[in-house]
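Q: Got a minute to walk me through this one? I'd like the overall picture, then some details.

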Amino acid sequence: MIMTVALVVVAPAASAADSITDLGVSVDLSSHSDVAAGGGKVFVSAGDRIVVTDADGVLVGAITDLVDVAGLAAAPDGMHVYAALHDSHEVIEIDTATLAIIRRIDFAAYPCPTRLVMSDGLLWAAYGCERDTGGLARLDVSASAPQPIPVVTRQPAAPLFDVAGNTLVLAEPREVLTDILVYDVSASSFALRGEIDHESHGRHDLRDLVVTPDGSAAVLAFSSGYETWDTTSLTKIQEYGRSSSALEQAVGVAVSSDGAHIAGGWWSDDRGIELYDAATGATTYTKMVPSGWPTPKVLGGSLTIVGDDVFAVLWTSGTANTIRLWRLEDVTLLPSTMTLTAPEEATALEPLSLAGRVTMPEGVTAGRQQLEVTRRLPDGTSETLRSARTAADGTFIITDTPPVAGTVGYDVTWGGSADVRGSTASVSVQVVHQSASISLKGPVDWVIGKRLPIAGKLKFGDKAPTARPSLTVIRASPDGVSTELGTVRVSKGGSFRFRDRPDQEGIYIYNFIWSGDDATSSALNAQFVTVRSGDS
């Protein structure tokens with residue numbers, strides 16, 4: 001019987017490079033948090049510090065003793081990262097190589113800075129402490145002593161905003177009736193282009209927004225899903241990931257550097273990170289947050305695309321309120337798929353075959369690809385097997401000999417290419433114990449006092465053992481006494497020899513016992529010998 005398991009990698013299993021890193025920090029859900037990348041590092045604002053990892057999500061350090069770190073923004077060259085300190089009313093500049101604070105910029109006149117954006121050498125900062133004191137300021141960070149200049153004032157709160165190209169999009173966060181304002185901006189001008197009114201966007205809560213790198217479109221994260229709007233005509237272009245469930249809330253959005261991909265984060269037990277094709281609206285990748293109790297959720301606004309990877313900050317409710325950095329590798333690449341089949345049942349120590357296929361996206365030739373194969377044993381250990389290759393059409397056959405009985409799992413992974421995301425498929429096979437048998441050869445009549453020889457062979461299935469196991473020998477004497485005589489070692493060919501010197505007349509029974517192991521069943525055979533005196 002053949003069991004077919006097919007894995008279509010729109011939502012791939014976590015690869016070795018996918019990771020969730022505990023940042024070692026607890027924050028309240030009302031605290032600010034943001035994520036930015038620069039200089040080969042990832043920066044996460046977390047209460048009184050900024051936690052730093054490398055590009056693989058491995059912790060490398062932290063910038064501590066800060067006051068309520070809010071928004072982060074990286075310089076285009078990656079040499080500096082800027083952080084808004086909400087409660088101390090300043091913006092700090094960080095050297096990404098040394099993690100040293102090299103400059104502090106006073107925002108006392110524009111208190112409680114929150115969100116930061118870098119665009120064309122200018123740093124933009126939303127600010128606002130109390131109701132109706134919010135606004136937007138910008139400053140030239142190339143100046144020796146940059147001074148914030150207000151560009152939007154009298155906002156109900158620190159606004160959501162983003163800037164790219166010559167477009168600024170700004171709105172009041174989390175308001176159902178908010179109007180989304182679109183401005184023409186440059187170093188020398190600032191003018192309202194128009195607005196997307198609340199009737200047009202369906203009266204949903206606005207959770208986040210970004211502007212595409214060329215400034216041509218705004219990507220809006222409403223509680224019910226994502227939308228793109230043309231920033232010139234102020235008309236809707238596309239919708240993504242729409243949800244009608246109150247339990248699924250879109251909370252953050254990011255756009256790739258080429259504008260082709262939109263990443264959305266969901267506050268939900270059933271949805272985590274999704275990637276959308278900006279032009280078609282198709283979902284090209286989806287990954288649920290790994291479950292636990294309680295299950296962590298994507299933190300609002302804490303999402304970024306770095307190269308082909310997506311980074312998101314996860315928050316877990318409870319007494320700890322821990323945050324973690326989730327790295328998803330190669331999500332913007334074209335998806336591949338893998339199918340894998342295996343026998344439903346196999347026998348330990350006998351070869352089994354796995355068959356499968358790697359299918360490339362349309363227009364991409366499969367060719368011969370190297371595969372990584374991992375075998376998982378019932379005791380929880382795993383082993384990387386000899387690598388395999390696909391045929392030119394993507395098909396493959398993998399042969400393995402399971403070393404033990406029980407449920408044995410196999411993970412087959414294609415690592416991907418520069419343009420295509422890798423894929424993984426997994427199957428489990430129920431492996432039964434191999435049969436064992438013992439054959440014996442020796443005299444059935446013997447003379448008392450002489451050394452009695454018995455020879456034999458141990459086989460597993462129709463083959464000799466690959467190791468040198470031992471058999472237990474128990475002798476039943478004519479007087480009814482059974483004695484364990486110890487063990488006899490089996491040779492690599494499976495043969496063994498045994499000698500005894502019987503000292504009673506009558507029938508002896510020599511039992512040779514194999515107790516079995518993780519791979520083989522037990523076996524028993526007995527030699528009956530009638531012993532007589534030498535005078536008989």
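A: Sure. Keep in mind that this is a predicted model. Among contacts in the chain between residues at least 6 apart in sequence, 53% join residues at least 24 apart.

Q: What about helices and strands, how many of each does the chain have?
A: The count is 0 helices and 47 strands.

Q: And is the chain spread out or a compact globule?
A: Spread out. Its radius of gyration is 35 Å, while the globule rule gives 24 Å for 536 residues, so the chain is more spread out than a compact globule. Along the principal axes, the C-alpha atoms fill a box of roughly 125 × 50 × 40 Å.

Q: What share of the residues is buried?
A: Buried residues are 49% of the 536 in the chain. The chain exposes about 23,800 Å², and carbon and sulfur atoms supply 50% of that.

Q: Let's zoom in. Where does Arg 375 lie?
A: In strand E34, which covers residues 370–376.

Q: Buried or exposed?
A: Arg 375 is buried, because its relative accessible area is 7% and the cut-off for buried is under 20%.

Q: Which side chains does Arg 375 make polar contacts with?
A: One polar contact, of 2.8 Å, goes to the side chain of Glu 383. Another, of 2.9 Å, goes to the side chain of Asp 400.

Q: What else does Arg 375 touch?
A: Leaving out residues up to four places away in sequence, the list includes Thr 381, Leu 385, Pro 403, Val 408 and Tyr 410.

Q: New topic. Where is Ile 397?
A: Ile 397 is in strand E37, residues 395–400.

Q: Why does Ile 397 count as exposed?
A: Because its relative accessible area is 56%, and exposed means over 50%.

Q: Which residues is Ile 397 in contact with, beyond its neighbours within four places in sequence?
A: Ser 353, Leu 354 and Ala 355.

Q: And how are Ile 397 and Ala 73 placed?
A: They are 324 residues apart along the chain, and their C-alpha atoms are separated by 49 Å.

Q: Now the rings. How many aromatic pairs turn up?
A: A search of the whole structure gives 11. One of them is Tyr 508 with Tyr 510, which is stacked: 6.0 Å centre to centre, with 15 degrees between the planes.

Q: Are those two tyrosines buried or exposed?
A: Tyr 508 is buried, at 0% relative accessibility. Tyr 510 is buried too, with a relative accessible area of 0%.

Q: Which residues form the aromatic cluster with them?
A: Phe 496, Phe 498 and Phe 512 join Tyr 508 and Tyr 510 in one cluster.

Q: Which charged residues sit over a Trp ring?
A: Arg 271 lies over the face of Trp 266, 3.7 Å from the ring centre. Lys 297 has its charged end over the ring of Trp 267, at 5.8 Å from the centre.

Q: Last topic, backbone angles. What is the phi of His 89?
A: About 55 degrees, so positive, although His 89 is not a glycine. Most residues other than glycine have a negative phi.

Q: Where does His 89 lie?
A: In the loop between strand E8 (80–85) and strand E9 (90–95). His 89 is partly exposed, at 26% relative accessibility.

Q: And what is the phi of Asp 120?
A: Near 50 degrees, a positive value in a residue other than glycine. Asp 120 is in the loop between strand E11 (113–119) and strand E12 (122–127). With a relative accessible area of 67%, Asp 120 is exposed.

Terms used: Residues numbered from 1 in each chain as written. Predicted model: local features only at pLDDT ≥ 70, side-chain atom pairs only at ≥ 80, totals over all residues. Heavy atoms only, no water. Helix = DSSP H or I, 4+ residues; strand = E, 2+ residues; numbered from the N terminus. Buried < 20%, exposed > 50% of the residue type's maximum accessible area, 1.4 Å probe, protein only. Contact = heavy atoms within 4.5 Å. Phe/Tyr/Trp six-rings, centres within 6.5 Å; stacked < 30°, edge-to-face > 60°. Lys NZ or Arg CZ within 6 Å of the ring centre and 35° of its normal. Polar contact = N/O pair within 3.5 Å; in protein donor to acceptor, adjacent residues only side chain to side chain. Rg over C-alpha atoms; globule rule 2.2 N^0.38 Å. Areas by Shrake-Rupley, 256 points an atom, 1.4 Å probe, with all protein chains shown as cover.
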